[in-house]
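Work through the exercises below with the model open. Try each task before reading its solution.

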Amino acid sequence: MLPPLKSLVAFEACARHQSISKAANELHVTQAAVSQHIKSLEQYLGFALFNREQRRLRLSAQGQKYYPTVHQSLLAIRNQTQALTHNTEPQQLTIKVNTSFAFCWLAPMLEDFYHQHPYINVRLHTDDWPQLEGSQPMLDVEIVNGPANSEGCGELVCKEYWVAVCSPSFRDKHAALIDGGQFEQLPGIYVRGYSEGWPEWLSMNGFSCTAPNRQYEVGSTMMGLELAAKGAGVMLCRSLNAIPLLAKGEVVAVSDKVMSATDCHYLTYNRHQAPPKVTLFTQWFKQKLLEKRPEEMFFRVLNASQTQHSEIRLNQP
């Protein structure tokens, strides 16, 4: 059986405000009523939800575990109710995302979001570099490429890895150097702005050589991958960006060596005051990623890329 809904609502408000009086004001009931609901819920659960300290409420250890689930569940019910009762009013959802993620992942999925929520108009801002303060558009959601935003709610999109890639023809042409780990003699493609790269990847995977020559330097991963696919050089990129091209065979992995990325993609939004359109989008986005399983997909296409290219090389005269 589920706990009484009124008790859950009272608990969520008290936990959020850390105050019975503020919760009572928000719910338009008396403080005694709120206290009774909390007491009833604690009796139902069999443990205390709060530690009462000098007229201030603090969540107990069990309460800290329970609150996020209750908060998100009530928020989802509220937002879905609002969305269903106002589904004829057009709304604009503004999302900021870097070009590579938009091209490889978000754009191909947006048709599904439209079919589910046709009254929400999506406005995409694709920026690869931070803008000056004051020039930023008003954002509802941001998919951040880097560390989570400490001022918002940064939710990890998925675990990512660094992988070295090049075109199949480049791999064949420079097979001796690549197989011998002589990367310093290869032309390299570098993307500006990352805090880690070749030195860390080479060290992590036991190579004693130095990084490839800085033959090309570009401002976006998409540009770098385009150069790599055309055979311009070898490039180190993150797994989320590499998956589509690896799957299509436009690039191949230089080796099966990878390195966990410290900076990844994060979904950032104001979770505590998110309007229905934001909640609908973020729930949809997270569900789509769960279905696609990008981390598993990466290792699957990585292994397939290695196997297929090895078979092609063996069959060549």
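Four exercises on side-chain contacts follow.

This is a predicted model, in which local features need pLDDT of at least 70, side-chain atom pairs count only at pLDDT 80 or more, and totals for chains, interfaces and linings use all residues. Residues are numbered from 1 along each chain as its sequence is written, and side-chain values use heavy atoms, with hydrogens and water left out.

**Exercise 1. Cysteines**

Task: Find out why Cys264 has no bond to the closest cysteine sulfur.

Solution: Start with the cut-off: a disulfide is a pair of cysteine sulfur atoms within 2.5 Å. Next, take the distance. The closest cysteine sulfur to that of Cys264 is in Cys158, 7.2 Å away, so it is too far for a bond. Finally, check the whole structure: the search finds zero disulfides.

**Exercise 2. A stacked pair**

Task: Classify the ring pair of Tyr161 and Phe298, then place both residues in the chain.

Solution: Rings of Phe, Tyr and Trp (its six-membered ring) pair if their centres lie within 6.5 Å; planes under 30 degrees apart are stacked, over 60 edge-to-face, and the rest tilted. The structure holds 17 aromatic pairs. In this one, the centres are 6.0 Å apart and the planes 10° apart, and the pair is stacked. Now place the residues. Helices (H or I, at least four residues) and strands (E, at least two) are DSSP runs, numbered from the N terminus. Tyr161 is in strand 7 (residues 161-166) and Phe298 in helix 12 (residues 294-315), 137 residues apart. Both residues are buried, where buried means under 20% relative accessible area, exposed over 50%, and partly exposed in between (1.4 Å probe, protein chains only).

**Exercise 3. A second geometry**

Task: Classify the pair of Phe183 and Phe207. Is each ring residue buried or partly exposed?

Solution: The ring centres lie 5.2 Å apart with planes at 90°, so this pair is edge-to-face. Then apply the accessibility cut-offs. Phe183 has 1% relative accessibility, so it is buried. Phe207 has 23%, so it is partly exposed.

**Exercise 4. A salt bridge between helices**

Task: Which elements does the salt bridge of Lys288 and Asp112 tie together?

Solution: A salt bridge needs a side-chain nitrogen of Lys or Arg within 4 Å of a carboxyl oxygen of Asp or Glu. Lys288 and Asp112 meet at 3.8 Å, N to O. Lys288 lies in helix 11 (residues 276-292) and Asp112 in helix 5 (residues 99-116), so the pair ties together parts 176 residues apart in sequence. Lys288 is buried at 16% relative accessibility. Asp112 is partly exposed at 27%.
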